[in-house]
Amino acid sequence: MASLLLRRKASPLGLSRLLHGITRPFSLHLELKNGDVISVSNLTRQFSSSSPKTNFDFTTSSSTSNSKFDFLDLTHPHTWYPNARRKRRKVILHMGPTNSGKTHHALKRLESSASGIYCAPLRLLAWEVAKRLNKAKVPCNLVTGQEKEEVDGAKHKAVTVEMADVTASYDCAVIDEIQMLGCRTRGFSFTRALLGISADELHLCGDAAAVPLIQEMLEVTGDHVEVQLYERLSPLVPLKVPLGSFNNIRTGDCIVSFSRKKIYQFKKQIENGRKHLCSVVYGSLPPETRTRQATRFNDESSEFDVLVASDAVGMGLNLNISRIIFSTMIKFDGVEERELTIPEIKQIAGRAGRYGSKFPVGEVTCMDAKFLPLLHSSLNAPSPTLERAGLFPNFDLIFTYSRLHPKNGLYEILEHFVENAKLSANYFISDCEEMMKVAAVIDELPLGLHDKYLFCISPAEMDDEILSQGLTQFAENYAKKGIVRLREIFTPGTLQVPKSQAALKELESIHKVLDLYVWLSYRLEDSFPDRKLASSQRAICSLLIEEFLERFGWQKPRTTMLNLQSGSTSLLSQRIRQYL
Ligand SMILES: Nc1ncnc2c1ncn2[C@@H]1O[C@H](COP(=O)(O)OP(=O)(O)OP(=O)(O)O)[C@@H](O)[C@H]1O
Ligand SMILES: [Mg+2]
């Protein structure tokens, strides 16, 4: 590996995109088993690199101070958010299929409000909405885990749902793709936003399958709930015949595959026919690369008129797709090979024929006839009702619990919560397996609980060996010296256009390591001082990845070692110079 100087192999671990609001100083309002509320107030934490120093001031609102707290009792999550509970919120559910104008209507309301927040499931959507509001002359900040762009006079912000602020108060708030409440790993962030955002009006956009659950969750909050149902704005036609062969591909088609290898194989096969060029979109591509690939596909004057994509295409990008073609209906979901679910099929298929695009009617089919029955039956079936929403204890609960069990590491604390938390019927405890994989590594280091927790909720995919090593080294250097210089593990100027699929994958991982550095720099500013360098190198990574994508196909990829000092005049070098 050219540019990451990694010292040792870390254990194979997985993805974590979990985030809770962390407030300091903070107060807790804990409900005792007997129903009394205990206020634990004026708690302050002074964070140092080694251990959090904490002052407690426990005060009880009744004479029951001898009662034993049950920190594992998560049956009243709505009480965790006193700001939101001070309001009787007007909650409007915009529910319907894809491409029915749900987000559009919610955003119209947001634009006309004096202050507001838009919560997106993905960075791409947060970017798009910030752009839309600013264009409409509504100054709007952008806040995601990895970027903060402030606009003068902004009273609005577009955020990724994990960054939703539950301490501020807004006139209007929007949570998009609210059915993600049911997501095994990220559902709890949607629950937190739903229960915790303090807004006069709260707009929820998503699949109607989430309506009964949301109504039940909000019964205890006293909010006023109303439901608006939407119909698709343009028709979606399931075809009776499969595509059969790539010879039948035409402009505006999007081939869906769930394997990265297949995506590149299909791109090559289609481009070898000499009629079409393909843009590609899949999850591990940098988000800015995904956006640029989508823009090129949408651009009528571009030669790239076909899209080859994974299910990353199902959400967050505005695409001019005429026809969706499922290359398969089987997907490996990290645990097993399984058929796509009804909501997944609908979400992906629904991307064809976007309202207002050049294709007023969407079509959908499969590569192989054997999948047509599943496609047709799924599109006709209602999505199964969502039964439960994700929930996870926030840092304050974990922290307070840890004071009672000082010998336990974060791994043991998390494990204990997962195994013993008490939940009401509408909730499930979020899958924190990936967080625990990080905790297993981080617990070995002399770090305070808050620092450990931060590493655990960082965007680390511990199954990605390079990223897992990057995270481990950042944490080790931070524990040892309290300051992490990027150059200790990364040599700027050594990045190059990948020669092979393997090199491309490696560059994608390096991009994620740099992204992780930027993420940490927003939370531990003094200890990760090289944000600017990390951001510019990250931008170079995505440009090099795009260069690979341009060359891949019927042109054989050439290799260019970027010599940025020698005054190379290539277009790529010129674009890269912008970041230096
Ligand atoms: N009333 C309208 N006037 C103009 N454009 C509209 C209107 N309603 C929707 N659109 C446009 O149609 C497209 C689809 O709308 P929108 O994104 O709101 O759908 P959605 O139901 O949120 O879809 P998804 O479930 O895929 O997120 C968008 O490009 C949007 O700007
Ligand atoms: Mg939408």
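Helices, here runs of at least four residues, and strands, runs of at least two, are taken from DSSP and numbered from the N terminus. Read in this way, the predicted model contains 17 helices and 24 strands in its chain. Of the 580 residues in that chain, 57% count as buried, and among the contacts with a separation of 6 or more, 75% are made by residues 24 or more positions apart. The chain exposes about 24600 Å², of which carbon and sulfur atoms supply 50%.

Before turning to details, the reader may wish to weigh the confidence of the prediction. The average pLDDT of the chain is 85, with 83% of the residues scoring at least 70. Over residues 6-67, however, the pLDDT is below 50, although this stretch has 177 contacts in the model beyond near neighbours in sequence. A second stretch, residues 556-569, also stays under 50 in pLDDT, and for these residues the model has 28 contacts beyond four places in sequence. For the model as a whole, the scores are ipTM 0.99 and pTM 0.85.

One part of the chain carries an annotation: an unreviewed UniProt entry lists residues 225-394 as "domain: Helicase C-terminal". In the model, the span 225-394 is 25% helix and 24% strand, and the C-alpha atoms at its two ends lie 26 Å apart.

The ligand offers a natural next stop. Around ligand 1 there are 14 residues, of which N99, K102, T103, H104 and R354 come nearest. Two of these residues approach the ligand through their backbones: a polar backbone atom of N99 is 2.8 Å from an oxygen atom of ligand 1, and a polar backbone atom of H104 is likewise 2.8 Å from an oxygen atom of the ligand. With R354, by contrast, the side chain is involved, since an N or O atom in it is 2.8 Å from an oxygen atom of ligand 1. Taken on its own, ligand 1 has 630 Å² of accessible area, and the protein covers 74% of this.

From the ligand we can move to helix α4, which comprises residues 187-196 and is mostly covered, with 10 of its 10 residues buried. These buried residues are G187, F188, S189, F190, T191, R192, A193, L194, L195 and G196. What do the buried residues of α4 pack against? Their partners include the helices α1 (82-85) and α5 (211-219), and the strands β11 (169-175), β12 (198-206), β22 and β23 (427-429) are also among them.

Strand β22, one of those partners, also helps to place two individual residues. S383 lies in the loop between α9 (372-380) and β22, whereas P393 lies in the loop between β22 (389-391) and α10 (395-404). Why does S383 count as buried? Its relative accessibility is 12%, and buried means under 20%, so S383 falls within the buried class. The side chain of S383 is joined to that of D207 by a polar contact of 3.3 Å. Leaving aside neighbours within four places in sequence, S383 is in contact with D207, A209, I342, P343 and K346.

P393 counts as buried because its relative accessibility is 1%. The C-alpha atom of P393 is separated by 26 Å from that of E201, a residue 192 positions away along the chain.

Notes:
Residues numbered from 1 in each chain as written. Chains lettered and ligands numbered in written order. Predicted model: local features only at pLDDT ≥ 70, side-chain atom pairs only at ≥ 80, totals over all residues. Heavy atoms only, no water. Buried < 20%, exposed > 50% of the residue type's maximum accessible area, 1.4 Å probe, protein only. Contact = heavy atoms within 4.5 Å. Areas by Shrake-Rupley, 256 points an atom, 1.4 Å probe, with all protein chains shown as cover. pLDDT = per-residue confidence, 0-100. UniProt positions renumbered as here; feature names shortened; annotations may be inferred. Near = heavy atom within 4 Å. Polar contact = N/O pair within 3.5 Å; in protein donor to acceptor, adjacent residues only side chain to side chain.
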